[in-house]
Amino acid sequence: MSARKQKKKRAVRQNSNVFAMFDQKQIAEFKEAFSMFDHDSDGFVDKEDLKDMLASLGQNPTDEYIDDMISEAPGSINFTLFLTLMGEKMSGTDPEHEILQAFECFDDGGKTGYINADVLREFMTTMGDRFTDEEVDIMFKGAPVDAKNNFNYREWVRVLKHGE
């Protein structure tokens with residue numbers, strides 16, 4: 001066989017499916033966030049970019065803290081990797097059915113999909129990993145409380161796991 005016919009097979013390249021995880025609006029929002037991190041506008045977020053970003057938020061992180069953040073990435077952080085990391089963080093929540101089961105404990109066996117907002121606030125601010133009133137208010141914005149003061153937790157879980 002001639003040398004030409006003995007070409008090496010190239011490794012099949014895996015396509016990144018990260019852009020399929022988000023809709024166009026979400027991608028645009030992440031692009032805006034990425035550009036806020038990328039202070040020197042070189043297309044990559046590095047140690048100095050993170051320091052600058054955190055300093056602009058009034059933080060004074062240690063080098064060790066920044067190094068720990070950078071080490072979460074397997075390589076240079078360009079927009080695609082940034083989007084991948086964000087997707088991993090967002091999907092790092094519990095599975096949808098487990099979140100629903102947790103709320104169903106307060107919903108008469110999960111029959112209605114609603115929990116009285118005042119009762120839920122009381123539980124969330126006094127039991128287990130306690131939330132602040134502000135954190136509960138933020139949660140209620142994800143699925144507003146209706147006129148009967150009921151929180152639609154099924155809708156909230158849907159938004160949490162799948163976006164608006």
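**Notebook: a look through the predicted model**

**Entry on N149**

I opened with N149, which counts as partly exposed because its relative accessibility is 24%. I am working with a predicted model here, so every value below is computed from that prediction. Where does N149 sit? I found N149 in the loop between α7 and β2, the strand of residues 150–152. I then looked up the backbone and noted a phi near 65° for N149, a positive value in a residue other than glycine. I wrote that down because most residues other than glycine have a negative phi.

**Entry on the overall layout**

Next I stepped back to the whole chain. How many helices and strands does the chain have? I noted eight helices and two strands. Reading from the N terminus, I get the order α-α-α-α-α-β-α-α-β-α. I also looked up burial: of the 164 residues in the chain, 26% are buried.

**Entry on the loop between α1 and α2**

I went on to the loop that holds S41 and D42. S41 is found between α1 and α2, and its phi is near 55°, again a positive value in a residue other than glycine. Is S41 buried or exposed? I have S41 down as exposed, because its relative accessibility is 62% and the cut-off for exposed is over 50%.

D42 lies in the loop between α1 (24–37) and α2 (47–56). I put D42 down as partly exposed because its relative accessible area is 41%. Which residues gather with D42 in a patch of negative charge on the surface? My list reads D40, D42, E48 and D52.

**Entry on the salt bridges**

I searched the whole structure for salt bridges and came away with five. As a reminder to myself, side chains of opposite charge can pair when their charged atoms come close. I followed up some of the pairs by hand.

I began with D133 and R121, whose side chains meet in a salt bridge at 3.2 Å, N to O. What does this pair tie together? D133 lies in helix α7 (residues 133–142) and R121 in helix α6 (residues 117–126), so the pair ties together parts that are 12 residues apart in sequence. I have D133 as partly exposed, because its relative accessible area is 41%. R121 is partly exposed too, with a relative accessible area of 21%.

R121 also turned up in a salt bridge with D137, where the closest N and O atoms are 2.6 Å apart. D137 lies in helix α7 and R121 in helix α6, so this pair ties together parts that are 16 residues apart in sequence. D137 counts as partly exposed because its relative accessibility is 36%.

Then I turned to R158 and E155, whose side chains meet in a salt bridge at 2.7 Å, N to O. Where do R158 and E155 lie? I found both in helix α8 (residues 153–162), three residues apart, which is about one turn of the helix. R158 is partly exposed with a relative accessible area of 34%, and E155 is partly exposed with 30%.

Going back over the shared partners, I noted that salt bridges join R121, D133 and D137 into one network.

**Entry on the core**

I moved inward to the largest nonpolar core, which has 16 residues. Which residues touch the most other members of this core? I listed F22, F30, I77, F79, F82 and L83. I then asked where the core residues come from, and found that α1, α2 and α4 (79–90) each supply at least two of them. The largest share of this core, five residues, comes from α4.

**Entry on I99**

I closed the session with I99, which lies in helix α5 (residues 96–104). Is I99 buried or exposed? I have I99 as buried, because its relative accessible area is 11% and the cut-off for buried is under 20%. I also checked I99 against Y153: the two are 54 residues apart in sequence, and their C-alpha atoms are 9.4 Å apart in space.

Note on methods:
Residues numbered from 1 in each chain as written. Predicted model: local features only at pLDDT ≥ 70, side-chain atom pairs only at ≥ 80, totals over all residues. Heavy atoms only, no water. Patch = residues over 30% accessible without salt bridge, like charges linked within 9 Å, V, L, I, M, F, W, Y side chains within 5 Å. Areas by Shrake-Rupley, 256 points an atom, 1.4 Å probe, with all protein chains shown as cover. Salt bridge = Lys/Arg side-chain N within 4 Å of Asp/Glu carboxyl O. Lys, Arg positive; Asp, Glu negative; His and termini not counted. Charge placed at Lys NZ, Arg CZ, Asp CG, Glu CD. Helix = DSSP H or I, 4+ residues; strand = E, 2+ residues; numbered from the N terminus. Buried < 20%, exposed > 50% of the residue type's maximum accessible area, 1.4 Å probe, protein only. Core = buried A, V, L, I, M, F, W, Y, C linked by side-chain atoms within 4.5 Å.
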